[in-house]
Amino acid sequence: MQVYSPAPSLTPRPFLKWAGGKNQLIPQYSEFFPPSFHTYYEPFLGGGAIFFHLAHRINHAVLTDINPELVNVYRCIRDHVEAVIERLAEHRQNHGKDYYYTMRSLVSTCPIERAARFIYLNKTCFNGLYRENSQGQFNVPIGRYKNPGIFDPDLLCAASAALQSAELFLGSFESVVEQAYTEHDFVYFDPPYYPISPTSSFTKYNRYAFTETDQIHLRDTFRTLASRGVQVMLSNSDCDFIRDLYAGFNIHTISATRLINCNAKRRGKISEVLVTSY
């Protein structure tokens, strides 16, 4: 097996496409990150843009997501990046419509095979969406890409290096309450956003919906952590419901670009909120 290592100057960044990813918003977020912290928690990991951006400042990270396939990807990139790259090279060589749908229907028990399949489908499916049916099966159609960039070995190795400081767990956001207790902890919540119109609901990226009740429970979790002195930050939709939920905390307005919509005319600037307890 070939041994890979990242380019020395390469900054880690997300290696997955992810609906609602925060990479483009980091310049606006930067002034709101706490000046110092020891342990970083991210219970809705997704594409991990904030984790990778802060990686050079992180001594220890606890990263969590409810999606078992996503958690497996991060674990394999952390622990077995060379093997994942080797398998991705095979996917890139064989890529085509028939191959895509064959891989989409494939079920494997091998963690490395599952991780490479996840990345391959993520980079070749429609808009990089992650969607499951009621049985938990990935069901997004192939995207219209002439030459998709399925993987970048340097980027994956840089991500692997950053993830060496991280513990990765399968679980819901509530688990952070059992772990973060002091002002040296920093928790960032990036939940499925509260829908602001009938066509904007991304609250169900797998077979588990994130309901209004869950949003309230998340607010209670935010409040519990803040009462301990934990530094907490949360992003969400800019709407009365969310602003009312977090009244009493610092609410900042962020300008975002909506990129995922079947109607191109509905893509454009939209405001979001960034809530901080500090």
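**A tour of the salt bridges**

Begin by selecting R87, which counts as buried because its relative accessibility is 15%, where buried means under 20% relative accessible area, exposed over 50% and partly exposed in between, with a 1.4 Å probe and protein chains only. The model is a predicted one, in which local features need pLDDT of at least 70 and side-chain atom pairs count only at pLDDT 80 or more, while totals for chains, interfaces and linings use all residues. Residues are numbered from 1 along each chain as its sequence is written, and side-chain values use heavy atoms, with hydrogens and water left out.

Keep R87 selected and add E113: the two form a salt bridge with the closest N and O atoms 2.7 Å apart, the term meaning a side-chain nitrogen of Lys or Arg within 4 Å of a carboxyl oxygen of Asp or Glu. This pair links distant parts of the chain, 26 residues apart, with R87 in helix α4 (residues 81-94) and E113 in helix α6 (residues 111-124); helices are DSSP runs of H or I of at least four residues, strands are runs of E of at least two, and both are numbered from the N terminus. E113 counts as partly exposed because its relative accessibility is 28%. Add E90 as well, since salt bridges that share partners join R87, E90 and E113 into one network.

Next, select R78 and D79, whose side chains meet in a salt bridge at 2.8 Å, N to O; D79, at 41% relative accessibility, counts as partly exposed.

Finally, go to D190 and K22, where a salt bridge spans 3.0 Å, N to O. D190 lies in the loop between β4 (185-189) and α8 (212-227), and K22 in the segment before α1 (26-29), 168 residues apart. Both residues, D190 and K22, are buried. Across the whole structure, a search finds seven salt bridges.
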